[in-house]
Amino acid sequence: MNRIKEVLEQKGIKQTWHAEKLGKSYPVINGYAQNKNQPRIEVLYEIADLLQVESTDIF
């Protein structure tokens, strides 16, 4: 289980922006945010970097 949705909401970031910056589709990012899919570890680090949080803050 991850906290991506919580972090996005706390920072006021839209999933569409997040998807664009990561080069992923909206459904992929939404799947991560809804905990339907889990990102690979490499993607997790990219997400943390983009959101300017520690990877441990997401998981």
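Student: How many helices and strands does the protein have?

Tutor: Bear in mind that this is a predicted model, where local features need pLDDT of at least 70, side-chain atom pairs count only at pLDDT 80 or more, and totals for chains, interfaces and linings use all residues. Residues are numbered from 1 along each chain as its sequence is written, while side-chain values use heavy atoms and leave out hydrogens and water. Helices (H or I, at least four residues) and strands (E, at least two) are DSSP runs, numbered from the N terminus. The pattern along the sequence is α-α-α-α-α, and the tally is five helices and zero strands.

Student: What is the radius of gyration of the protein?

Tutor: Take it over C-alpha atoms and hold it against the globule rule, 2.2 Å times the number of residues to the power 0.38. For 59 residues that rule gives 10 Å, and the protein comes close to it, so it is as compact as a globular protein of that length. As for the box filled by the C-alpha atoms, it is roughly 25 × 20 × 15 Å along the principal axes. The radius of gyration itself is 10 Å.

Student: What percentage of the 59 residues is buried?

Tutor: Buried means under 20% relative accessible area, exposed means over 50%, and partly exposed is in between (1.4 Å probe, protein chains only). Counted that way over the 59 residues, the buried share comes to 36%.

Student: And what share of the exposed area do carbon and sulfur atoms supply?

Tutor: Accessible areas come from the Shrake-Rupley method with a 1.4 Å probe, and for residues only the protein chains shown count as cover. The protein exposes about 3,900 Å². Carbon and sulfur atoms supply 47%.

Student: Let's go inside: which residues is H18 in contact with, leaving aside neighbours within four places in sequence?

Tutor: H18 sits in helix 2, residues 15–22. With a relative accessible area of 1%, H18 is buried. Contact means heavy atoms within 4.5 Å, and on that basis the partners of H18 are I4, L8, I13, I29, I47, L50 and L51.

Student: L8 is on that list, so which residues does L8 itself contact beyond four places in sequence?

Tutor: L8 belongs to helix 1 (residues 4–11) and counts as buried at 2% relative accessibility. Its C-alpha is 8.6 Å from that of A33, a residue 25 places away in sequence. The contacts of L8 are I13, Q15, H18 and L51.

Student: Of the contacts between residues at least 6 apart in sequence, what percentage joins residues at least 24 apart?

Tutor: Here the pool is contacts in the protein whose residues are at least 6 apart in sequence. The portion of them joining residues at least 24 apart is 52%.

Student: What does Q38 touch, not counting residues up to four places away?

Tutor: Q38 is in the loop between helix 3 and helix 4, and at 37% relative accessibility Q38 counts as partly exposed. Q38 and I4 are 34 residues apart in sequence, with 10 Å between their C-alpha atoms. The residues Q38 touches are M1, N2, Y32 and F59.

Student: N35 is in a loop too; what is its phi?

Tutor: The loop holding N35 runs between helix 3 (26–33) and helix 4 (41–51). N35 is partly exposed, at 25% relative accessibility. Although N35 is not a glycine, its phi is positive, about 60°.

Student: What about the phi of Q52?

Tutor: Q52 lies in the loop between helix 4 and helix 5 (55–58). Q52 is exposed, with a relative accessible area of 68%. Q52 isn't a glycine either, yet it has a positive phi of about 55°.

Student: On to charges: which residue forms a salt bridge with E42?

Tutor: Side chains of opposite charge can pair when their charged atoms come close. A salt bridge is a side-chain nitrogen of Lys or Arg within 4 Å of a carboxyl oxygen of Asp or Glu, and the whole structure has two of them. E42 counts as partly exposed at 44%, while its partner is exposed at 54%. Their closest N and O atoms are 3.1 Å apart, and the partner is R40.

Student: What is the N to O distance between E6 and R3?

Tutor: E6 is partly exposed at 41% relative accessibility, and R3 is partly exposed at 29%. Their side chains meet in a salt bridge, N to O, at 3.2 Å.
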